[in-house]
Each structure stands twice: as structure tokens, then as C-alpha cells.
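Hi everyone, thanks for making time. I'd like to walk you through one structure today, so let me put it up on the screen.

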Amino acid sequence: MSSNPFLIAISRKSPYTQRAYRSILNTYLKFISYKQPFNTVTVNQFLNHLESEKSQSYVSSAWSVLKLFFEVYNKPFINIPCPKVDLYRQAHPTLSIEDITQLISIVREQGTLQEKAFWAIGTTFGLRNSELCQITQDNINKDKIFIDTKKGGFPRWHLIPEQIAPQVLNYTFKPIPIITGWLLFRSIFINHNGGITEKGFSWHSIRRRLIKELDKIDSLTEKDLLIFFRYAQGKGSMIGRYARLDSDEDKLFEIDKKVFQSHPFLRFWEN
């Protein structure tokens, strides 16, 4: 067994999470050229550097990893606030239709059960990383999935379209750390996409493409899209602001069916 206190501290975490923790710590050590790792000034510099390139979830995960790193070596982790990412300054990369459909094909043939389940749900419902990571088996009920939203969104049950049912129902869901979800995306995106390593892509890059494509469909109203993507009450125009007042489940499922008819990615999951 390793004598490294940090590796011992993360040894009971999942392999994905251990890999993610090691990756963040190695990125930090490279950033500081392996010099004075317990210098709080350089930690703040590193976190501020991440703030300009990474998502809030990644920055928060990096802060947690470094805090653990300090703690296992009995070093004080003080005056090191977790930066808040300015979404307006940050780039918002969007995956192309070609990238997404190619990866669906590859994941269907070569992916693990977890990769298939997460990629199927991500490309169908446009989930954020934090939303994917909190799915448990209790969120699955035969042909339905409950999505508990973030950012004040509208949590709701969705129908599971038959095209992705095998991928979703053949996997046993349990909550995973945010950083593990991020690493899972990177694993799919890099390992199954010829080693492409562009910065900034994430599960949200799929969500952006899905929203853009469905917004082109004339038969889908603004209200349909606000409900399907579980936006918070008050988003959009005046019509959109009242989209949540009708929470009748059957009507919500009708919107799901309507979206599925024009969905750009579902047919690529068909056998």
C-alpha cells in the first residue's frame, strides 16, 4: 500500500474519483513547477487561473482537492476562498452535431455501462454535470426518470424514450462526485474521439447544442422548450414566465413526446 498520505486519504473513493483527484493535484504541482506546494499565495494564483478557464464545478472540486492535500500533510489551509466563476467572462463551447452523433455511435459499441447510460441521458435531456451526478436508482421508475435540477430549475419526471431505454435500464445508478462526472465526460470525449483535447467542453456543451437544434423546430414552442429543459420559473418571455403554472404530469409527458419526435440525437441510439 502507498505511504503517500494523499493517496491513502483517497484510497476508498471510486477509481474515477481517485484519478480525478490525482489529475487535479498533478495539474497544480505542474502549475507551481513542483516548488513550495503549501504556499497559500500560489494556491490562490492557481485557483484564479482556473477561474478563467474552467466551470464552477471544476474550480470548486479543485479547491476541495487542495484543501484535502493541505489537511493530510497538517498544513493550514486559511485565507483561500473558492473563486466564483464569472459566467459572462467565460467561453461557452458547444459540441457540433457531428461530434455528438459520432460519439453516440462509438459509445454504443465500445463504451462501459456507465458511459452508455450517462451519454444516453446527457444527449437526450441535456443535463448539467451536477444533475447527472446526483441520479440514483430511485430516480428510475420503469419508463420514467426523475431529474432534480440545479440553478433553481423545475425538477420533474421525464419519459424515457424507447431508443435509450436499454442504456438507461441496464445500469444501476448511484450518486457520484461532481469531479467524477466531469472526468467521465473527458474520458468519453477524449478516449472515444481520437484523443481530441480541446479545452472547455463539458456535459453543458451537449446541452447547448441540443437547445440550439430544438429551438429551430417550428412545432416546438418556447413553453415546450422551457419545460423540457427544466428552466427556472421566470425564464424567457412573458409566456415563458408562466410555463410552470401547469404541472399536470400527463401534459408534461405530452411535451416530452412532442420533443422526442423532433429530437436530433435519438435516432442514433436505435438498434
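Of the 271 residues in this protein, 47% count as buried. Please keep in mind throughout that what you see is a predicted model. The secondary structure adds up to 13 helices and three strands. As for how the chain comes together, take the contacts with a separation of 6 or more: 65% of them are between residues 24 or more positions apart.

Let's begin with helix α2, residues 15-31. This helix has 17 residues and reaches 24 Å from its first C-alpha to its last, close to the 24 Å expected at 1.5 Å a residue. Which of its residues are buried? They are T17, Q18, A20, Y21, I24, L25, Y28 and L29. And what do those buried residues pack against? Their partners are α1, α3 (40-51), α4 (56-72) and α9.

I'd like to stay with the last of those partners for a moment. Helix α9 covers residues 178-191, and its axis lies 9 Å from that of α2, at an angle of about 90°. The pair is therefore roughly perpendicular, since angles from 65 to 115 degrees fall in that class. On the α2 side, the residues in this contact are Y16, T17, R19, A20, Y21 and I24, and they meet I179, T180, L183, L184 and S187 in α9. Sorted by class, that contact has seven nonpolar residues, three polar ones and one charged one.

If you follow the chain just past the end of α2, you come to S33, which takes a positive phi of about 55°. S33 does so although it is not a glycine. You'll find S33 in the loop between α2 and α3. With a relative accessible area of 44%, S33 is partly exposed, because that class runs between 20% and 50%.

There is another residue to look at in the same spirit. N74 has a positive phi of about 55°, and N74 is not a glycine either. Its place is the loop between α4 and α5. Is N74 buried or exposed? Its relative accessible area is 70%, so N74 is exposed, the cut-off being over 50%.

Back to α9, because α9 also packs with α6. The axes of α6 and α9 come within 11 Å and cross at roughly 95°. That makes α6 roughly perpendicular to α9. From α6, the residues involved are Q114, E115, F118 and W119; from α9, they are L184, F185, S187 and I188. The classes here are five nonpolar, two polar and one charged. If you have both contacts on screen, notice that L184 and S187 of α9 appear in the one with α2 and also in the one with α6.

Next comes helix α10, residues 203-214. Its 12 residues reach 17 Å from first C-alpha to last, close to the 16 Å expected at 1.5 Å a residue. Why do we call α10 largely enclosed by the rest of the structure? Because nine of its 12 residues are buried. Those are W203, S205, I206, R207, R208, R209, L210, E213 and L214. Around them, the packing partners are α5 (97-110), α6 (113-125), α7 (129-133), α9, α11 (222-228) and α13 (249-262).

Now for a strand. H158 sits in β3, which spans residues 156-159. How buried is H158? Its relative accessible area is 0%, so H158 is buried. The side chain of H158 makes a polar contact of 3.1 Å with the side chain of R230. Setting aside neighbours within four places in sequence, H158 is in contact with F125, D143, K144, I145, I147, F228, R230, F253 and D256.

One last stop, at I8 in helix α1, residues 5-9. I8 has 36% relative accessibility and therefore counts as partly exposed. In sequence, I8 and V72 are 64 residues apart; in space, C-alpha to C-alpha, they are 9.2 Å apart.

To pull one thread together, α9 packs roughly perpendicular to α2 and roughly perpendicular to α6, and α9 is also among the partners of the buried residues of α10. That's my tour, and I'm happy to take questions.

Definitions and conventions:
Residues are numbered from 1 along each chain as its sequence is written. This is a predicted model: local features need pLDDT of at least 70, side-chain atom pairs count only at pLDDT 80 or more; totals for chains, interfaces and linings use all residues. Side-chain values use heavy atoms; hydrogens and water are left out. Axes are lines fitted to C-alpha atoms, for helices over the stretch in contact, and angles run from 0 to 180 degrees between N-to-C directions. Helices (H or I, at least four residues) and strands (E, at least two) are DSSP runs, numbered from the N terminus. Angles under 35 degrees count as roughly parallel, over 145 as roughly antiparallel, 65 to 115 as roughly perpendicular and the rest as oblique. Contact means heavy atoms within 4.5 Å. Ala, Val, Leu, Ile, Met, Phe, Trp, Tyr, Cys and Pro count as nonpolar, Asp, Glu, Lys and Arg as charged, and the others, Gly among them, as polar. Buried means under 20% relative accessible area, exposed over 50%, partly exposed in between (1.4 Å probe, protein chains only). A polar contact is a pair of N or O atoms within 3.5 Å; within protein, one must be able to donate a hydrogen and the other to accept it, and residues adjacent in sequence count only if both atoms are side-chain atoms. The expected span of a helix is 1.5 Å times one less than its number of residues.
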